[in-house]
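Colleague: I'd like a close look at one part of this model, and I'd rather have the details than a quick tour. Start with a charged pair, then work outwards from there.

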Amino acid sequence: MKFSGLKKVFPVIFVTIVVFMAVALLSWTNSITKGRIEYQEEQQIQSMLGEMFPNMSNYTFEDDIYTIYADGAKVGYAFLALGKGYGGDIVILVGLENETIIKGISIISQKETPGLGARISENSFMDKFVGLSIDDIALRREGGQIDAITGATISSGAVVDAVRTTAMEKVKSLKEGNKNG
């Protein structure tokens, strides 16, 4: 009688042990790789900053804003913007020449439809932002200066909205910081 009771409980105990070991292994793997992933992401951003600001000698990162320097002089700012595209989140690095003019954008990650929405990562789209005032960052049909990608209006709009909205927030933060500092 005791043996048949153990027979019924054994599978539950076995599965519990397997699940516990799997969770422990995944946690351990995450702890090992987390630092490396963060380092690679920072290297990617640093590389993109170097492309966007070719004369950059160093930068600081404070309050989610990169302040870019060339030989000790401040030459611009950069920050991450997050948009909601058709396929999911779009992470964008936005560079500002000053508090009003876009230096450039780079798409860090996106999950948009290949051949359509994924075209937001092409230079032909990203270059449309260069030199524009933050106030002009809107789709042309909404009175702005950016043409949407044909067949990818949601993706185009997500990038435009994220860049404009986040730029306005960061510029406000910069201006408040200049008043306080």
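Which side chain does K84 meet in a salt bridge, and what is the N to O distance?

Modeller: K84 meets the side chain of D89, at 2.8 Å from N to O. Before you lean on that, note that this is a predicted model: local features need pLDDT of at least 70, side-chain atom pairs count only at pLDDT 80 or more, and totals for chains, interfaces and linings use all residues. Residues are numbered from 1 along each chain as its sequence is written, and side-chain values use heavy atoms, with hydrogens and water left out.

A salt bridge here is a side-chain nitrogen of Lys or Arg within 4 Å of a carboxyl oxygen of Asp or Glu. Side chains of opposite charge can pair when their charged atoms come close. As for cover, K84 is classed as exposed because its relative accessible area is 64%, while D89 is partly exposed because its value is 32%. (Buried means under 20% relative accessible area, exposed over 50%, and partly exposed in between, with a 1.4 Å probe and protein chains only.)

Now for the strands around that pair. Strand 3 covers 73-84 and strand 4 covers 89-96; strands (E, at least two residues) and helices (H or I, at least four) are DSSP runs numbered from the N terminus. The two strands run antiparallel and are joined by eight bridges, and strands count as paired if DSSP finds at least two bridges between them. One pairing to look up on your screen is F79, whose bridge partner in strand 4 is V94. Four residues sit between the strands in this hairpin, and among them G88 takes a positive phi near 140°.

On one side, strand 3 also pairs with strand 2. That pairing is antiparallel too, with five bridges, and A70 has A73 of strand 3 as its bridge partner. The hairpin made by strand 2 and strand 3 has two residues between the strands, and D71 in the turn shows a positive phi of about 50°. Have a look at T67 while you're there: T67 belongs to strand 2, residues 65-70. T67 counts as buried because its relative accessibility is 12%. Leaving out residues up to four places away in sequence, T67 touches N58, Y59, T60, K74, G76 and Y77, where contact means heavy atoms within 4.5 Å. For a sense of scale, T67 and I120 are 53 residues apart in sequence, and their C-alpha atoms are 25 Å apart in space.

Next, follow strand 4 onwards. A hairpin of five residues joins strand 4 to strand 5, and six bridges link these antiparallel strands. In strand 5, I107 is the bridge partner of I92. Strand 5 is largely enclosed by the rest of the structure, because six of its eight residues are buried.

I92 and V94 from strand 4 turn up again in the largest nonpolar core, a set of 30 residues where they, along with I102, I105, F129, V159 and V163, touch the most other members. (A nonpolar core is a set of buried Ala, Val, Leu, Ile, Met, Phe, Trp, Tyr and Cys residues joined through side-chain atoms within 4.5 Å.) Strands 3, 4 and 5, helix 2 (123-126) and helix 3 (153-180) each give two or more residues to this core. Helix 3 provides the largest share, eight residues. If you click on F129 and skip residues up to four places away in sequence, its contacts are I102, I105, I137, I146, V159, V160 and V163. A separate second core has eleven residues, including I45, L49, M56 and A78.

Back to charges, then. The salt-bridge count comes to five. Besides the K84 pair, R140 bridges to D147, with the closest N and O atoms 2.6 Å apart. R140 is partly exposed because its relative accessible area is 44%, and D147 is also partly exposed, at 32%. Then there is R164 with D161, whose side chains meet at 3.3 Å, N to O. R164 and D161 are both in helix 3, three residues apart, or about one turn of the helix. D161 is partly exposed, with 35% relative accessibility.
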